[in-house]
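Good morning, colleagues. Please take a moment with the sequence and the structure on the screen before I go through a few selected regions.

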Amino acid sequence: MDIEPWKWAVASICVFFSASLAVGAGIGGGALFVAIFMIVLGMDAHSAVPLSKATIFGLAIAAYSVNITKRHPLSPARSLIDYDTALMLEPMTLLGAIAGVLLNVLLPNWLVLIPLCILLSIISYRTIKKGIRLHKQEHAAANKNTSNRALISQEQDDLPNSASQEQQYEDRNGCNHSSRSIDQQGNGHVATENETSEDQSQLLTKMILDAQDEELDKIYKRESRIVPWEKLASLIIVWLGYTCITMLLYQADDVIRPCSPGWIVLLMLSIPYVVGVTFFSGSLLKKQTQRKRVCGYKFLSGDVIWEGKNLNKYPSLAFFAGVAAAMMGIGGGMVKSPIMLAMGLQPQVVTTTSSFMIIFTSSATTLQYLVLGKIKPEQLGIMLSMGFCGALLGQRVVNHLIAMYKKQSLLVFLLGGLTIVSGIVIVATSLATEDFRDVRMNTDQVCRLQTNNTDEVS
């Protein structure tokens, strides 16, 4: 349909500011963009979703371009983006998205809307609660710092007197220092057999400690890299596999008929492919964690210890996040960000890591819609640019506010607030546009995904 230019201008402005807010919270903002396109441009949901995905893709690229050189709030030597967490969560999220698409087609609208309302309510509550707790911790830390500064100031006033006492002590005990130095030199002393054994033991201990220090230096050097290319390459490989599988499943009716034996086999093959990649990545991260422990590596507050149940627990949660995101039509970041907060990651790390992971899902779906012809190239250029520019501004503003006020709870409150707003928008839009009298399970639609897509394009 033809849309008047002024409507495109209004929509672009709304998208610009919505992207600025969404990127600060570490979410894609899909619910906000879909509502803008439906209200301002008069599109239906099927036409609005592809444009929303293109906008999110631009937003994610902008966020990554800003955050790629940012450093961890507790360690300037480390990247702000947690590539280890992304490597463990994103593949399972993509696998969950494949299952979520099928459930979205199969289930009636009301059965999708009800769990969506429940999920967003729980996420909003837990996120706001986390923000309040973090705000109290920041307030207590600020008061403690104020007290410490007052104490240091008082000690500095008494410093000359303390220094004089220390000098008097050294003058009185100078001979003791000299005699201790002479004893340590061991002049004229013949080493016994026990002392030789002790020296060998000390030498062996020193060699072990030197080896550990060398390994620790290697670990810190690897973490100081701007981009860990081997982990990024692993994510790109998963992205390529996911894109090929989904293109064959949903957009290649002339190659593989939906619900045919070959189609079912391809669908099942996605499980061992993604699970295998996640298992391999988890084993590498487990060995990395063990090496860190042996070398005496100091884990920071919010670091995920990739061993034990964490290797299964968090990827499993990411799978259900992918299912929920695809089935209910919301962005994966809206579900994964609260999960990462529950994992204990620093809020600033959560938002940047979530924005990084959005690149893979949004780019895959945008490519699919472009191949299908559901996005016109000029529309893609406009919305991708608005998402990119809005996110660029929003990310810089958020980083500036965090640096100025030293309060990461602002990010948590922003995430919780936008989750509430997005939930209200989704529910209101669904109530206004969907027919909830239809309670049938759409089993026949699952095997006609390609036909439906073709009809929507025409």
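V397 belongs to helix 14, in what is, I should state at once, a predicted model. Is V397 buried, partly exposed or exposed? Its relative accessible area is 41%, and since partly exposed covers the range between 20% and 50%, V397 is classed as partly exposed. V397 is also one of the residues of a nonpolar surface patch of about 530 Å², together with L393, L401, M404, Y405 and L410. Helix 14, which runs over residues 377-405, makes the greatest contribution to that patch, namely five residues.

As a general remark on such geometry, an α-helix has 3.6 residues a turn, so residues three or four places apart point the same way.

Let me turn to L266, which is located in helix 10, residues 261-295. The relative accessibility of L266 is 14%; the limit for buried is under 20%, and L266 therefore counts as buried. Which residues does L266 touch, once neighbours within four places in sequence are left aside? They are I245, L248, L249 and I256. For I256 and L266, the separation is 10 residues in sequence and 9.3 Å between C-alpha atoms.

Next, the interior. The largest nonpolar core comprises 88 residues, and F37, L41, M343 and F356 have the most contacts inside it. Helix 4, residues 83-106, supplies the largest share of this core, with 11 residues. M343 deserves a closer look: setting aside neighbours within four places in sequence, M343 is in contact with T85, L89, V304, W306 and Y314.

M343 is among the buried residues of helix 12, as are G333, M334, V335, K336, S337, P338, I339, M340 and L341. Because 10 of the 12 residues of helix 12 are buried, this helix is largely enclosed by the rest of the structure. What span should helix 12, residues 332-343, have at 1.5 Å a residue? The expected value is 16 Å, and the end C-alpha atoms are 16 Å apart, so the two agree. Just after helix 12, G344 adopts a positive phi of about 100°.

Finally, the chain as a whole. There are 17 helices and two strands, and 45% of the 458 residues count as buried. The accessible surface amounts to about 24100 Å², with 63% of it belonging to carbon and sulfur atoms. Of the contacts between residues at least 6 apart in sequence, 81% join residues at least 24 apart.

Methods: Residues are numbered from 1 along each chain as its sequence is written. This is a predicted model: local features need pLDDT of at least 70, side-chain atom pairs count only at pLDDT 80 or more; totals for chains, interfaces and linings use all residues. Side-chain values use heavy atoms; hydrogens and water are left out. Patches are made of residues with over 30% relative accessible area and no salt bridge: like charges are joined within 9 Å, nonpolar side chains (Val, Leu, Ile, Met, Phe, Trp, Tyr) within 5 Å. Accessible areas come from the Shrake-Rupley method with a 1.4 Å probe; for residues, only the protein chains shown count as cover. A salt bridge is a side-chain nitrogen of Lys or Arg within 4 Å of a carboxyl oxygen of Asp or Glu. Helices (H or I, at least four residues) and strands (E, at least two) are DSSP runs, numbered from the N terminus. Buried means under 20% relative accessible area, exposed over 50%, partly exposed in between (1.4 Å probe, protein chains only). Contact means heavy atoms within 4.5 Å. A nonpolar core is a set of buried Ala, Val, Leu, Ile, Met, Phe, Trp, Tyr and Cys residues joined through side-chain atoms within 4.5 Å. The expected span of a helix is 1.5 Å times one less than its number of residues.
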